[in-house]
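This briefing sets out the main structural features of the protein shown below. The points are grouped by topic for reference alongside the coordinates.

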Amino acid sequence: MDGATRDLPPPLQGCLYCHSEGTTVLARSRKILGLGSDFPIVKCAHCDSTAYLDYQPDLPDGWRICYHRANRAPRYYYVFIHLRKAGWLSAAQALLASTNGFVQRARVAQTQAGDVSWLRPASPNPSLPLLPPAERVYLTLKGVTLQEGPPPGFLIRATAGTTLDSGKAYVTAQHLYLLGQRRDWSHPLSDIRVATYDETSWTVSLEGNERHYRGVNVSDQFDAQLVATIIDALRGRERRDQINNRPSGWGNL
Ligand SMILES: [Zn+2]
């Protein structure tokens with residue numbers, strides 16, 4: 001990095017959204033019929049994001065940024081929510097969201113490749129009666145509901161269906177447990193038909209009925225993309241373990 005590049009504010013050194021280096025340029029914004037902004041625009045040639053940048057050279061750390069167009073590919077899930085949808089962000093807020101977005105993308109990619117070693121599963125403390133001592137918890141999720149009815153989709157509101165129970169969920173390598181207000185629930189991961197997510201929530205649908213678990217994004221736990229991806233990876237591992245543990249002879253069928 002040469003001296004001239006080092007003097008530029010971080011959004012012009014590398015893209016805060018996709019983390020490519022040397023792909024951003026500063027352009028004048030165009031006002032059309034009096035609409036638009038007086039701030040110049042940062043454009044990224046790699047991810048095609050654009051953002052207004054409020055920057056004064058005599059205040060190098062005092063810049064602000066406001067994204068108004070951004071790539072919605074799944075690998076940009078975190079930054080879409082925390083940069084694109086966040087409005088104006090201070091330098092510290094934008095850099096934190098960008099750094100977290102980089103970590104999130106790496107974790108999702110690692111998990112999709114079947115590697116959940118970064119999660120460090122542990123025994124709950126205090127222990128839970130519904131959990132066998134040998135099972136370690138990969139995910140603890142607050143505010144989870146078990147619902148009956150079609151899972152939320154394009155034409156179905158999130159509130160559709162009947163809430164059977166709500167409480168705290170625990171995901172191990174073998175089971176999904178819900179410590180509900182009404183009772184405890186337990187499902188082998190092989191009972192899960194699909195784990196999906198959208199911008200606000202994750203949904204785990206069960207085989208053979210219209211029951212599904214849902215949880216919404218909250219600030220102090222993994223977001224919906226990471227939750228659905230981890231559950232998918234654990235399901236895949238559980239399936240592989242079952243195949244590997246089949247009685248000998250099955251491989252010849
Ligand atoms: Zn970019």
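Two strands are taken to pair if DSSP finds at least two bridges between them. In this predicted model, an open sheet of 7 strands follows the order β9-β8-β7-β6-β12-β11-β10, and its pairing is antiparallel. The protein as a whole has 5 helices and 12 strands.

**Overall composition**

- The protein comprises 253 residues, of which 31% count as buried.
- Considering contacts between residues at least 6 apart in sequence, 46% join residues at least 24 apart.

**The seven-stranded sheet**

- The sheet is open and antiparallel, with β9 and β10 at the two ends of its order.
- β9 (184–188) and β10 (192–197) each have a single partner strand, so one side of each lacks a neighbour in the sheet.
- From one strand to the next, the twist averages 25 degrees.
- As a general principle, strands of a sheet pair through backbone hydrogen bonds, in either a parallel or an antiparallel manner.

**Pairing from β7 to β9**

- β7 and β8 are antiparallel and pair over 5 bridges.
- The connection from β7 to β8 is a hairpin of 2 residues.
- Within this pair, V171 has L176 in β8 as its bridge partner.
- β8 is in turn joined to β9 by 5 bridges, and these two strands also run antiparallel.
- A hairpin of 3 residues connects β8 to β9.
- Across that pairing, L178 stands opposite W185 in β9.

**Pairing of β10 and β11**

- The edge strand β10 is joined to β11 (residues 201–206) by 5 bridges, in the antiparallel sense.
- The two strands are linked by a hairpin through 3 residues.
- Two facing positions can be named here: Y197 stands opposite W202 in β11, and T196 has T203 of β11 as its bridge partner.

**Nonpolar cores**

- Which residues touch the most other members of the largest nonpolar core? They are A169, L176, V227, I230 and I231, in a core of 30 residues.
- Two or more residues of this core come from each of β6, β7 (162–172), β8 (175–180), β10, β11 and α5 (224–244).
- The element that gives the most to this core is α5, with 8 residues.
- I231, one of the residues touching the most other core members, is in contact with V171, I192, A195 and V204 when its neighbours within four places in sequence are left aside.
- A second, separate core holds 20 residues, including Y17, C44, I65 and A97.
- In soluble globular proteins generally, nonpolar side chains tend to be buried together.

**The environment of Y138**

- Y138 lies in strand β6, which spans residues 137–148.
- Is Y138 buried or partly exposed? Y138 has 18 other C-beta atoms within 10 Å; because a buried residue needs 20 or more, Y138 counts as partly exposed.
- Beyond its neighbours within four places in sequence, Y138 is in contact with V116, L119, P121, V171, T172, A173, I230 and L234.
- One of these contacts, I230, is 92 residues from Y138 along the chain, and the two C-alpha atoms are separated by 8.6 Å.
- V171 is in contact with Y138 and also with I231.

**Residues with positive phi**

- Most residues other than glycine have a negative phi.
- H19 has a positive phi, near 70 degrees, and is not a glycine.
- The position of H19 is in the loop between α2 (10–13) and β1 (24–27).
- H19 counts as partly exposed, with 17 C-beta neighbours inside 10 Å.
- D48, likewise not a glycine, has a positive phi of about 70 degrees.
- The loop that holds D48 lies between β2 (41–44) and β3 (50–54).
- With 13 other C-beta atoms within 10 Å, D48 is partly exposed.

How values were computed: Residues numbered from 1 in each chain as written. Predicted model: local features only at pLDDT ≥ 70, side-chain atom pairs only at ≥ 80, totals over all residues. Helix = DSSP H or I, 4+ residues; strand = E, 2+ residues; numbered from the N terminus. Axes fitted to C-alpha atoms, helices over the stretch in contact; angles between N-to-C directions. Buried ≥ 20, exposed ≤ 12 C-beta atoms within 10 Å, placed from the backbone. Contact = placed C-beta atoms within 7 Å. Core = buried A, V, L, I, M, F, W, Y, C linked by C-beta atoms within 7 Å.
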